[in-house]
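Hi everyone, thanks for coming. Let me put today's structure up on the screen, and then I'll talk you through it.

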Amino acid sequence: MKIAYYADYIWYDSSLRRNSWLLTENGVVEGISGDENALFSYDKVKFDNSAIFPGLINTHTHLAMSAFRGLADDLTLMTWLKENIWPAEKKHVSPEFVYNYTLLSAAECIRSGVVCVNDMYYHGLEAAYALRDAGIRGVVGFGVMGSPKEALRMAEEFEPDELVKASLCPHALYTVGPDTIAGCVEFASDKGLLLHTHLAETKAETEQILAKYGKTPVSLMDETGAFDYRGSIFAHCVHLTDDEISLMGRKKVNVSHCLESNLKLASGFAPIQKLIKAGANITIGTDGAASNNDQSVIGEISTVSKFHKAFNDDASALPASSVLEMATSNAAKALCLDNAGSLKKGNFADFFVLSFDSVRMTPVYNPVSQLVYAAESGDVTDVYVKGRPLMRNRVLTTIDEEKIKKKARDEAKTIKG
Ligand SMILES: [Zn+2]
């Protein structure tokens, strides 16, 4: 099926095109055209006073943690985890729980223009079913605290060309230890799976690892071989020495920058300007909704750009187009998604439509800065993955939103009545 989508602005292959049509066939981008008369073989869809952007990619989250959004706030990471989140997870997390809250989060993702997530939680198969039902792309983690074998079960159940793929996600050095991570690196590279873990998130983590192993988290992680595996991604990377930054840059490490979560938990923040300069690949993650407390990548890129300008005392640092690249093409590269992350010939038609109708979005001079500095999730009207609409004119097409919200509210009463 050939469909052409019109918008006033299209962010096409990293540059802005005006008054154009995005040409697609069977969910794949064919090109772009400004000539409506040449489009006789296409069905046409028009988005007035709008822009089309490549779909956003969230490279670090725990989708089902939307169950604990607002359950415990204003606490340090370790108090938050050990006294609140881990006990609640032990008591409540089940396969059905993971399916329902992953689906709830998938609805939040779609509403904010996110077309792909890199997820890490328990009961990965149920998370994968929820993402498959939602229709978004996903890399779903297995083996967070245990055996990676479940990932192979998923790989067998899901066809290789499906939107949802498996990764190994050993939680972190401070929970599972370096031997487990080294084993996961070997297993992942052997089976062609991605590897996803937390790294150098807090000062306490560095002290704990130093005391136990006599090395920093980054040097210990390097010894596991994880930095040498192309399909690996590391969330946070906050506490780094200059030598470690050089090492991670040299090895072109994929980093998921989770600034809002790091700020809220007062963990610090990743030195991403230095990491970029050194050669690392920086992407954007929200972390789970319990520590953010939303999963809006639009909100995140705004915070990232503004924060690093202030921190570097340089208003020209991280311009809007760079943080957009982090949340799209850099992310696709990190997750080894060869035909995603930008709109260009041969790539999947994964995109969202940003409306300029609201007061907040009026007038428009530069749609990219409008997206990064002014937009909110509510300005996203339509979302497509591989040409399939997941939201049309603000109505979700794959998820019964009222039903999943009711389920989430009912379950929440058992978490905290
Ligand atoms: Zn996390």
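I'll start with the domains, then turn to where they touch, and finish with the core.

Please keep in mind that this is a predicted model. The domain assignment splits the chain into domain 1, made of 2–54 + 345–386, and domain 2, covering 56–334. Their C-alpha centres are 29 Å apart.

So much for the layout; now for the contact between them. On one side we have 14 residues of domain 1, and they are in contact with 19 residues of domain 2. Which elements give two or more residues to the domain 1 side? Those are α15, residues 367–374, and β14, residues 380–385. Of the elements on that side, α15 gives the most, with five residues. As for chemistry, the domain 1 side divides into ten nonpolar residues, two polar and two charged.

Now let's look at the packing. The largest nonpolar core has 134 residues. If you'd like to find it on screen, go to Ile 52, Ala 106, Ile 110, Ile 136 and Ala 327, which have the most contacts inside it. Helix α2, spanning residues 95–111, gives the most to this core, with ten residues. And where does this core lie relative to the two domains? Both domain 1 and domain 2 give residues to it, so it lies between them.

Let me zoom in on one residue before I stop. Setting aside neighbours within four places in sequence, Ala 327 is in contact with Leu 56 and Ile 57, and also with Ile 284, Val 297 and Ile 301.

That's my tour, thanks for listening!

How values were computed. Residues numbered from 1 in each chain as written. Predicted model: local features only at pLDDT ≥ 70, side-chain atom pairs only at ≥ 80, totals over all residues. Domains from an automatic or database assignment. Contact = placed C-beta atoms within 7 Å. Helix = DSSP H or I, 4+ residues; strand = E, 2+ residues; numbered from the N terminus. Nonpolar A, V, L, I, M, F, W, Y, C, P; charged D, E, K, R; others polar. Core = buried A, V, L, I, M, F, W, Y, C linked by C-beta atoms within 7 Å. Buried ≥ 20, exposed ≤ 12 C-beta atoms within 10 Å, placed from the backbone.
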